[in-house]
Amino acid sequence: MPFTEIDDPRGLCKDVTNLGRWGNGDVEVGLDNLDDIPHVMALVAQAFERQIEAEQS
């Protein structure tokens with residue numbers, strides 16, 4: 001999903017648009033702290049829901 005569309009209030013995502021990282025898309029997220037798992041899962045859900053919506057239209 002485009003980096004500009006992700007809702008990331010904790011700032012865990014990194015904009016990797018045009019960096020040429022194969023298979024990654026425009027957003028990269030890392031997990032350094034187990035306490036961030038719920039937030040990272042919410043980011044994953046956003047990307048998944050966007051993909052499902054795109055496939056249905």
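Accessible areas here come from the Shrake-Rupley method with a 1.4 Å probe. With that in hand, start the tour with the whole chain on screen, and keep in mind that this is a predicted model.

**Stop 1: the whole chain**

Show the surface first. The protein chain exposes about 4,400 Å², and carbon and sulfur atoms supply 52% of that area. Now drop back to a C-alpha trace: along its principal axes it spans about 35 × 25 × 20 Å. Switch to cartoon and you'll find one helix and two strands, which run β-β-α when you read along the sequence.

Colour by burial next. Of the 57 residues, 16% count as buried. If you have a contact map open alongside, look at the pairs with a separation of 6 or more: residues 24 or more positions apart account for 46% of those contacts.

Then colour by charge. The protein chain has 4 positive and 12 negative side chains, and the centres of the two sets lie 6 Å apart.

**Stop 2: the two salt bridges**

Side chains of opposite charge can pair when their charged atoms come close. How many salt bridges does the structure hold? There are two.

For one of them, select Glu 5 and Arg 50, whose side chains meet at 2.8 Å, N to O. Glu 5 sits in the segment before strand 1 (13-15) and Arg 50 in helix 1, so this pair ties together parts that are 45 residues apart in sequence. Both ends can be seen from outside to some degree: Glu 5 counts as partly exposed because its relative accessibility is 43%, and Arg 50 also counts as partly exposed, at 32%.

Now select Asp 36 and Arg 10. Their closest N and O atoms are 2.7 Å apart, and they form a salt bridge. Asp 36 belongs to the loop between strand 2 and helix 1, while Arg 10 belongs to the segment before strand 1, so the link joins parts 26 residues apart in sequence. Is Asp 36 buried or exposed? With a relative accessibility of 8%, Asp 36 counts as buried.

**Stop 3: His 39**

Stay with Arg 10 on screen and add His 39, which lies in helix 1 (residues 37-56). Why does His 39 count as buried? Its relative accessibility is 12%, and the cut-off for buried is under 20%. To see what His 39 touches, leave out residues up to four places away in sequence; you are left with Asp 8, Pro 9, Arg 10 and Leu 12.

Step back one residue to Pro 38, also in helix 1. Pro 38 is exposed, with a relative accessible area of 57%. Draw a distance from its C-alpha to that of Met 1 and you should read 19 Å, for two residues 37 apart along the chain.

**Stop 4: a nonpolar patch**

Select Leu 31, Leu 34, Ile 37, Met 41 and Val 44 and turn the surface back on. Together they make a nonpolar surface patch of about 470 Å². Met 41 has its place in helix 1, whereas Leu 31 is found in the loop between strand 2 (27-29) and helix 1.

Zoom in on Leu 31. At 43% relative accessibility, Leu 31 counts as partly exposed. Setting aside residues up to four places away in sequence, Leu 31 touches Asp 36, Ile 37 and Val 40. Asp 36 is the buried residue from the salt-bridge stop. For one more distance, try Leu 31 to Leu 12: their C-alpha atoms are separated by 8.2 Å, with their positions 19 residues apart along the chain.

**Stop 5: two last selections**

Pick Phe 48, found in helix 1. Phe 48 is exposed, with a relative accessible area of 51%. The C-alpha atoms of Phe 48 and Gly 30 are separated by 17 Å, and the two residues are 18 apart along the chain.

Finish at Asn 18, in the loop between strand 1 and strand 2. Most residues other than glycine have a negative phi. Check the backbone here, though: phi of Asn 18 is near 65°, a positive value in a residue other than glycine. Asn 18 counts as exposed, at 77% relative accessibility.

Notes:
Residues numbered from 1 in each chain as written. Predicted model: local features only at pLDDT ≥ 70, side-chain atom pairs only at ≥ 80, totals over all residues. Heavy atoms only, no water. Helix = DSSP H or I, 4+ residues; strand = E, 2+ residues; numbered from the N terminus. Buried < 20%, exposed > 50% of the residue type's maximum accessible area, 1.4 Å probe, protein only. Contact = heavy atoms within 4.5 Å. Patch = residues over 30% accessible without salt bridge, like charges linked within 9 Å, V, L, I, M, F, W, Y side chains within 5 Å. Salt bridge = Lys/Arg side-chain N within 4 Å of Asp/Glu carboxyl O. Lys, Arg positive; Asp, Glu negative; His and termini not counted. Charge placed at Lys NZ, Arg CZ, Asp CG, Glu CD.
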